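Trainee: Could you take me through one part of this model up close? I'd like to start with what a buried helix face leans on and follow the packing from there.

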Amino acid sequence: MTTAMDHKLPQRWLFVPGDDAARLQAALTSGADAIVVDLEEFTPAAGRKLAISRFADFARRARALKVWPAVRLNLLEHGGRDELAELISTTLGDPTGTPAAIFLPAVEQRAQLAALDDALAEQEALHGLTRGSLKSVATLESQAGLLAAEELLAAGDDTPRLLGALIGTGDLAADLGLMPDQPAATITETLKPWRQRLARACKTHRRLAIDGPWRWKHGLGTDQHWANQQGLQARCVIYPEQLEALYDLMPARGADPMPIPQT
């Protein structure tokens with residue numbers, strides 16, 4: 001079975017709100033390898049319809065710049081299934097308007113990923129897309145999710161579209177009882193074993209390991225050096241100004257990135 005790590009995948013994944021046209025435009029020239037329109041956390045509920053209606057055009061512009069257009073849904077049972085259907089229907093049969101990767105939040109059970117895979121297969125069939133062209137990424141953001149990482153990320157016929165996993169360090173910190181106003185060192189040291197757990201599971205099952213964002217003004221260089229040593233090959237970014245630094249801090253993975261999935 002071909003897995004994510006048989007290819008070179010984006011390293012710098014910038015998360016943005018989908019209802020802010022100015023930030024979407026800025027993201028396209030930010031230097032990000034992939035741009036994730038986050039319907040779950042960054043886009044307010046009142047703006048999600050607008051974000052979805054704009055996504056196909058945004059995806060086409062991103063692909064023209066060799067940037068991966070991606071999206072994070074809400075949980076399937078909390079509106080994510082409808083969001084996915086609307087996203088794909090707005091492409092009007094043009095595969096360049098589809099997401100290159102689709103993130104699912106709060107994954108703790110393999111059945112969640114299997115349900116997403118089924119939903120992606122359904123959309124492919126409905127809209128004449130190539131089978132397997134829609135790809136998924138799991139967001140692991142709780143102790144339960146990270147403890148189940150080996151099971152969640154293992155290859156299987158129920159999740160053939162899974163590229164890798166993102167560790168949601170903000171929600172994980174809250175799940176661990178950490179407070180936002182605690183010293184950065186306390187938070188980061190507590191999270192390190194969980195980040196290592198994700199890196200090991202992704203390495204074992206040849207998935208892309210996407211590290212969580214660095215939320216502080218200082219210390220990114222030291223932390224990224226540590227992340228590189230653990231085998232965390234990619235990083236979620238929420239502050240565009242960090243992208244330039246990450247080009248120097250992250251090891252090069254070759255000049256020819258994996259082509260953006262087409263349908």
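**A helix face and its neighbours**

Mentor: Start with α3: its buried residues pack against α2 (48–64), β3 (68–72), β4 (101–104) and α4 (110–126), where contact means heavy atoms within 4.5 Å. Keep in mind that this is a predicted model, where local features need pLDDT of at least 70 and side-chain atom pairs pLDDT 80 or more, while totals for chains, interfaces and linings use all residues. Numbering runs from 1 along each chain as its sequence is written, and side-chain values use heavy atoms, without hydrogens or water.

So which residues of α3 (80–89) are buried? They are G80, E83, L84, L87 and I88 (buried is under 20% relative accessible area, exposed over 50%, partly exposed in between, with a 1.4 Å probe on protein chains only). They sit on the same side of α3 because they span an arc of only 125 degrees around the axis, taken from the directions from the axis to the C-beta atoms. Helices here are DSSP runs of H or I, at least four residues, and strands are runs of E, at least two, numbered from the N terminus.

Now hop over to the strands. In β6 (162–167), six of six residues are buried, making the strand mostly covered. On one side β6 pairs in parallel with β5 (136–140) over five bridges (pairing takes at least two DSSP bridges), and there L162 of β6 is the partner of S136. β6 is also joined to β7 (208–211), again parallel, by three bridges, with G164 matched to L208 in β7.

β7 is covered on both faces: L208 and I210 are buried on one side, A209 and D211 on the other. From β7, two bridges lead to the parallel strand β8 (234–237), and D211 stands opposite R235 there. To get from β7 to β8, the chain goes through helix α9 (220–230) in a right-handed β-α-β crossover; that means the path from first strand over helix to second runs clockwise when the strands point away from you.

One last thing you might ask about is cysteines. There are zero disulfides, meaning no cysteine sulfur pairs within 2.5 Å. For C202, the closest cysteine sulfur is that of C236, 14 Å away, so it's too far for a bond. Both are tucked in, too: C202 is buried at 1% relative accessible area, and C236 counts as buried at 5%.
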